[in-house]
Each structure stands twice: as structure tokens, then as C-alpha cells.
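Here are some notes to read alongside the structure if you haven't met it before. Keep the view open and follow the points in order.

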Amino acid sequence: MSLLIQNARLNKVSEKCRRRVSVGMLSLGCPKTLVDSELILGMLDQNRYEVAEHVTDCDIALLNTCAFINEAKEESLDHILNLAELKREGRIKALVVLGCLVQRYPKELEKELREVDAFMGTGDYRELNHVLDQVVDEKRISYVGHAPGFLYTAQIGRLPLTPLHTRYIKISEGCDHICSFCTIPSFRGRHRSRGLDDVVSEARHLVKEGARELVLTGQDTTYFGRDTEKKFLLGALLQELNKIEKLRWIRILYAYPSCVDEALIETIGSLQKVCHYLDMPLQHVSDSILRSMRRGMTKKSTYALIGKLRRKIPNLALRTTFIVGYPGEREGEFRELLGFMEFARFDRLGLFTYSQEDESDAALLDHQVPERIKEKRFREGMQLQQRISKENNERLVGRTLSILIEGADEKHPHLYFGRSYMDAPEVDGLVYVRAPKEVRLNQGDFVRAKVIGAKEYDLSAAYLELET
Ligand code: SF4
């Protein structure tokens, strides 16, 4: 394209954009996608675009999608269709779909979803303003690079979508593991760690802005540094983050079990600001299933790891996820899993029925489990975990915990809700804190409270004092 034509087009766009175009965002899926959504909004050219409060009331709606399993894909498609309906009704003018679903199925989406104005893959966010300019110019565009190369740095400003006191930091992109059921590495690429200094500099900046809790995320946070420095650097990163003044909690999500070594366990157990909380997806415990899943763990090493974690990290809150109905899982393997759940007594647990993903190796395996059996196992597993979770919570009654206040209950005066170190945002439970009339609490306050009641997922507590 000649420079002349390019300039003419830019002039046309700026002409149309004399009023700034409002852009709304709906972010689906996990915290990793949420960080992407924050970066996307942060990269908007503010001379041309402004962020709308609601995705249903803007000029251009951005939908950041998830494509991890069938359920997530269906949810993404439902939202695309809902937003397309709003476009038909004239409530929004254009629709841009981004993220994992697009990276995974670029051609199919472009062909099938004619009502979408633009598609962007996970490696192309730097082209956002260019893509939006095309949309403003009423052009339909698909911008999906083959290499999902985007890795953000502290220099890229984010527009946070979480409350001020809690911020996610994505420390890496992609994944080097080869779990048979998962297609994420095929569209998110190989593991790429950010620089340790870069992460620390971002963390310092976020704490300066008011964050009290930092939640570390990535496909596999324990692999941090392995690709760049040939060594596991999560421990070193935690040491540096622990030095940041005014930061209260550092929380680790998505630890890969075979990378959780002695050194990391010691570090989590000894650093004052690192929550005694670990989110470590195990997926199964039976040897035959773990081997088929290519998880690099055995039943014996899994039991040993849980024992070590519980011994070395006092009052550890352990979260995991399991898949039921993986190909070849018979009643015996499922019972092994239930027995393990009884042994480990996970504080938090996500259970998923196996999703047969195209292009994953597990999809081609024999002995796929019928849906009704998967559902039956899911229900039985959930019932067991509900009992364990209630018993675990009941054991907390009488204990004093630090609670990070997240808000006030609208219906009950003097009742606030927040989280303890045992609860990650969004996925875990809440602690309801009853405070005396004269006490007024604000979002982001830390209070000491005594646990006085327990339900399956939530706790109730009595306010003791405000922490400084
Ligand atoms: S660790 Fe396994 S399940 Fe997780 S993203 Fe990597 S390949 Fe997928």
C-alpha cells in the first residue's frame, strides 16, 4: 500500500473518530485471559478510543474468549451470538472476537460467524488499534498470526479489571508439557517466561498503585525461568516479591506437580508474604491414567508430594483439579481417585468431566467413557468433596484469620465479605465478617476475625480488629 493511500485512510478514520469510539470488553475464562483483557484495554489509543463501562452499551464490543474445553467453547459461542443479537438490534455497532477460541479455530469462525466484524488471535494484540481502525472503517478483518508470540512486559500499561487491592500478574505464556488431553500448547505455544526483573518491576508498580495481594498466574507457574535461564526461578521470584513493602499476600496459581520441588516447598513455607495456599492441578491419581495423561507423576509420587506439602507448609490450603471419565477410567480407577480425595482432604477442588478435544492425543484413545458415566462420577465426586470441604471448614471454627475485605453486604448492615489466605479470588469461598455498628470497613482493608460458623464453601466470622 502506498504511503499516500495509507495516510488517506488514517485521515478518514480520524475523521470518523472525532468523537472517541467507545469500546467495551467482556472477558471469559481464566485469570490468564483476564490479564490479556487488561492489556488489550491498556493498549487502546486513547485519542481515538475510550473504554465503555458495559460491553452491552458501547460502539465496539470486544469479547475475549476461552477454548480450553467444550463447555468453555460453548460459553464463548453463546456470548458471541448474544452480542451479535445486540448488534442486530443496533445497541452496539461492531463486534470483535479475540483470544483462545479465535487462535484455535480461525478459519471456521471467520466462515461461520459473518456477524463478527473482526477476529484477533492471542499473539496479535499489539495490532489492536489497527484492527479497530479497520472496523471503524466498516471493513471485516481476521488478524490471526500463526505464532502466538505475544509476551507482555511491565512497560505495557494495563487497565485493571479487578478491585484495586488484588492484581494478577502473568509471569509466563504457553506451556512445555505434553498432557494428552490438552491442546493449549498447540495454540498458546511453547513456554515463554518473562524476565524476573520485569515481573518484579511490575509488582512494585502495582503495589505502589494500591495492590495488597498479587496473584501469580501462567499455564505453569512452576516452570518460570526454565526456558530462559535453564533453571526453575519461581522460588527466586518469590524471594524478590517478598521484599516489596506494603504487599501483604503473594498467591501462586497453576503449579505443575512434578515441578514442585523441595526448594520451592521450603520457600513457600518460609516466606512471610507467600500465602500458605497452593493451586496445583493433579488431574488424577491412578497410575494407568496418569501415564496415559503424560503427567510425569505416579500414584506413589502424588501421595508423597501431598504428604510433604502438608508437613512442610503449616496450615496449607491446597486446591486441585481432577478430570473424571478420562478414556480408560474404569470403576476401579475412579474409586482410587475417591480414596485419594479422602486421604488428601483438599481444601478446594475443581472437578471436570473429561472433554474429548479435537487434535488432542487423548481424543484418539480407545475406551472413551460414555457421557452418562462421566456425569455420574462427577456427581459422586462432588458429593464427596462437599462433605470434605464442610468438615475442613468446620475445623476452622474458633480460629482467628486475617481477612481481606472485598465489600459490604447490601442487605445486612455491618456485614462485610472478604477472603482469607485460603481463598483465591473468584474461584474459592468467601468469609462473611460481622462488625460492630461503630466500625466501618472499606474494600482492601485487612481485619482480624474469629471464625464462628462454617458452610461447605463459605465461613462466617466475628470482627476483632483492623490490621495495619
Ligand atoms: S500443563 Fe498440561 S494441562 Fe496445563 S496447559 Fe500445559 S499441557 Fe495443558
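1. A word on pairing before we begin: two strands count as a pair if DSSP finds at least two bridges between them. With that in hand, look at strand β15 and strand β16 (residues 415-419), which pair in the antiparallel sense over four bridges. For a spot to click on, try A408, which stands opposite Y416 in β16.

2. Please keep in mind that you're looking at a predicted model. The mean pLDDT for the protein is 93, and 95% of the residues reach 70 or more. The stretch to treat separately is residues 1-17, where the pLDDT is below 50. Beyond near neighbours in sequence, that stretch has eight contacts in the model.

3. How is the protein divided? There's domain 1 (3-143), then domain 2 (166-394), then domain 3 (400-466). Point 1 dropped you into β15, whose residues are 400-408, and domain 3 covers 400-466.

4. Staying with β15 and β16, their hairpin has six residues between the strands. Have a look at H414 in this hairpin, as H414 takes a positive phi near 70°.

5. β15 also has another partner. Five bridges join β15 to strand β18 (residues 446-454), and these two run antiparallel. I403 is a handy marker here, with V447 as its bridge partner in β18.

6. Carry on from β18 and you'll meet a hairpin of four residues that leads to β19. β18 and β19 pair in the antiparallel sense, this time over seven bridges. Within this pairing, A449 stands opposite Y463 in β19.

7. Which strand pairs with β19 in the parallel sense? That's strand β17 (residues 431-434), which is joined to β19 (residues 459-466) over four bridges. To find the pairing, go to R434 and look across to A462, its bridge partner in β19.

8. Now for domain 2 and domain 3 together. Their centres, taken over C-alpha atoms, are separated by 26 Å. Where they touch, 20 residues of domain 2 are in contact with 13 residues of domain 3. On the domain 2 side, β10 (213-217), β11 (249-252), β12 (274-279) and α15 (371-394) each supply at least two residues. The largest share, five residues, comes from α15. By class, this side of domain 2 has six nonpolar, five polar and nine charged residues.

9. Next, go to strand β13 (residues 317-324) and strand β14 (residues 348-353), which run parallel and are joined by six bridges. F322 stands opposite L351 in β14. From β13 the chain passes through helix α14 (residues 331-344) on its way to β14, and this β-α-β crossover is right-handed.

10. Last stop: which residues surround the ligand? They are C175, H177, C179, C182, I184, P185, Q219, D220 and Y256. Sorted by class, the shell has six nonpolar, two polar and one charged residues. I'd pull these up together in the viewer and check them one by one.

How values were computed:
Residues numbered from 1 in each chain as written. Predicted model: local features only at pLDDT ≥ 70, side-chain atom pairs only at ≥ 80, totals over all residues. Right-handed = clockwise from strand over helix to strand, strands pointing away. Near = placed C-beta within 6 Å. Nonpolar A, V, L, I, M, F, W, Y, C, P; charged D, E, K, R; others polar. Domains from an automatic or database assignment. Contact = placed C-beta atoms within 7 Å. pLDDT = per-residue confidence, 0-100.
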